[in-house]
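Visitor: I should like to be guided through this model step by step. May we begin with what a database record says?

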Protein chains: 2
Amino acid sequence: MQQKLREHIEKIVPLTDDEFAFVRSHFTIKSYKKREFLIQEGKSVKYAYFVVSGLLMLVYNNESGKQHIVSFAMEDWWESDFLAYHTQTKATMSLQCLEDTDVFCLSLEDYQKLCAGLQKMEHFFLRKANAGHIGSQQRILSFLTSNAKERYEQLLKRYPSLFQRVPKSLLASYLGVSRETLSRLAR
Amino acid sequence: MQQKLREHIEKIVPLTDDEFAFVRSHFTIKSYKKREFLIQEGKSVKYAYFVVSGLLMLVYNNESGKQHIVSFAMEDWWESDFLAYHTQTKATMSLQCLEDTDVFCLSLEDYQKLCAGLQKMEHFFLRKANAGHIGSQQRILSFLTSNAKERYEQLLKRYPSLFQRVPKSLLASYLGVSRETLSRLAR
């Protein structure tokens, strides 16, 4: 697992062995079973997670109990309720396993220490945050400009493996369409 | 104008006079008239912009010529077609003035030099990027979970001044509703 974290970081910044040992010391490893929660709505958010293996979904439940999927996170992705994490407020979303999942956990305090202690890591997280911001901007654009069929095709093209790994009802929720509409699109 | 940039940065990181002089040397100042373009779709994106005064809109035009407003940017905001800026590809969106606007311009090269030369600025931009990512995640959530009336009310609550400064037809485009629907909501 350590090697995966190191390779992931070294795609952006090369690290010496000592530097990686310093980085590694800020993370803890946890394993979760399918259906377990990493974050629960209304509870505090201790960690941002780096997914080593498995699959997570970030979910918002509205007052009438309808489930909305904000994002999926698989291998090599970072996920959290970032608003609650960065502002240390209660979670408005839940993060749940769709498969057995191994993650590296990083508390906000350790995130800040890591950035302050090693500029390379501040640079790494800046690149990741910019990519996250860009990805979200593109998804906003897709809501404004694309219909359900186009959004379905964009997702299929970008993340074909999701279609094998995620139940159709959850893909429908992510796309903001009904299960029936999705079946029609998938024909 | 310099003072505004300094105050904006010092909300996050304090700077010495020498440090601010170093920061300042990476920016250029430009003034634009109402209706002028800072970024044009299909052209290269030279700068990210910090708005000192005025108001901008980031616009996506689909193939049939329909205009979608991705965001507004006013005093103290950063704006660009960030995908095109960070990847040095052609703009897919346009950035246009809704009022006469003064901006500080930062090229990608200068952004990188500034981050590498002064860790405080890498930290500043990390905080800004995280905030941008969080803001976008919240807007995605509002598309998934809120209807037009709720999105209208969220916008009114968060940015009341936009309702004085932006024509109704553009607010409607930002909210993803027709001009007629907006008039009904605004009653």
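Visitor: At which residues of chain A does UniProt place the feature "domain: Cyclic nucleotide-binding"?

Guide: This is a predicted model, in which local features need pLDDT of at least 70 and side-chain atom pairs count only at pLDDT 80 or more, while totals for chains, interfaces and linings use all residues. Residues are numbered from 1 along each chain as its sequence is written, chains are lettered from A and ligands numbered from 1 in the order in which they are written, and side-chain values use heavy atoms, without hydrogens and water. UniProt positions are given in the numbering used here, and such annotations may be inferred rather than shown by experiment. The record, an unreviewed entry, places this feature at residues 30-114.

Visitor: What percentage of the span 30-114 of chain A is strand?

Guide: Helices (H or I, at least four residues) and strands (E, at least two) are DSSP runs, numbered from the N terminus. The end C-alpha atoms of residues 30-114 of chain A lie 19 Å apart. Helix makes up 15% of this span, and strand makes up 48%.

Visitor: Which strands of chain A stand at the edges of the open sheet that contains E7 and E4?

Guide: Two strands pair if DSSP finds at least two bridges between them. In chain A, 4 strands with antiparallel pairing form an open sheet in the order E2-E7-E4-E5. Two of these strands pair on one side only, and they are E2 (37-39) and E5 (67-74).

Visitor: Which residue is the bridge partner of A:Met57 in E7(A)?

Guide: Strand E4 (residues 55-61) of chain A and strand E7 (residues 94-97) of chain A run antiparallel and are joined by 4 bridges. Within E7(A), the partner of A:Met57 is A:Gln96.

Visitor: Which residue of E6(A) stands opposite A:Tyr49?

Guide: Strand E3 (residues 47-53) of chain A has 6 of its 7 residues buried (under 20% relative accessible area, with a 1.4 Å probe and protein chains only; exposed is over 50%, partly exposed in between). E3(A) is joined by 6 bridges to the antiparallel strand E8 (residues 101-107) of chain A, where A:Ser107 stands opposite A:Tyr47. E3(A) also pairs in the antiparallel sense with strand E6 (residues 78-79) of chain A over 2 bridges. There, the residue opposite A:Tyr49 is A:Glu79.

Visitor: How many residues of H8(A) are buried?

Guide: Helix H8 (residues 168-175) of chain A lies across E4 and E5 of chain A, at about 105 degrees to E5(A). The buried residues of H8(A) include A:Leu170, A:Leu171 and A:Tyr174. Of the 8 residues in H8(A), the number buried is 6.

Visitor: Why is one side of strand E1 and of strand E6 in chain B left without a neighbour in the sheet?

Guide: The open sheet of chain B has 4 strands in the order E1-E8-E3-E6, with antiparallel pairing. Strands E1 (28-32) and E6 (78-79) of chain B are left without a neighbour on one side because each stands at an edge with a single partner strand.

Visitor: Is the crossing of H6(B) and H8(B) left-handed or right-handed?

Guide: The axes of helix H6 (residues 148-158) and helix H8 (residues 168-175) of chain B come within 10 Å and cross at roughly 115 degrees. Axes are lines fitted to C-alpha atoms, for helices over the stretch in contact (heavy atoms within 4.5 Å), and angles run from 0 to 180 degrees between N-to-C directions. A crossing is left-handed if the near helix is turned anticlockwise from the far one by less than a right angle, and right-handed if clockwise. The crossing of H6(B) and H8(B) is right-handed.
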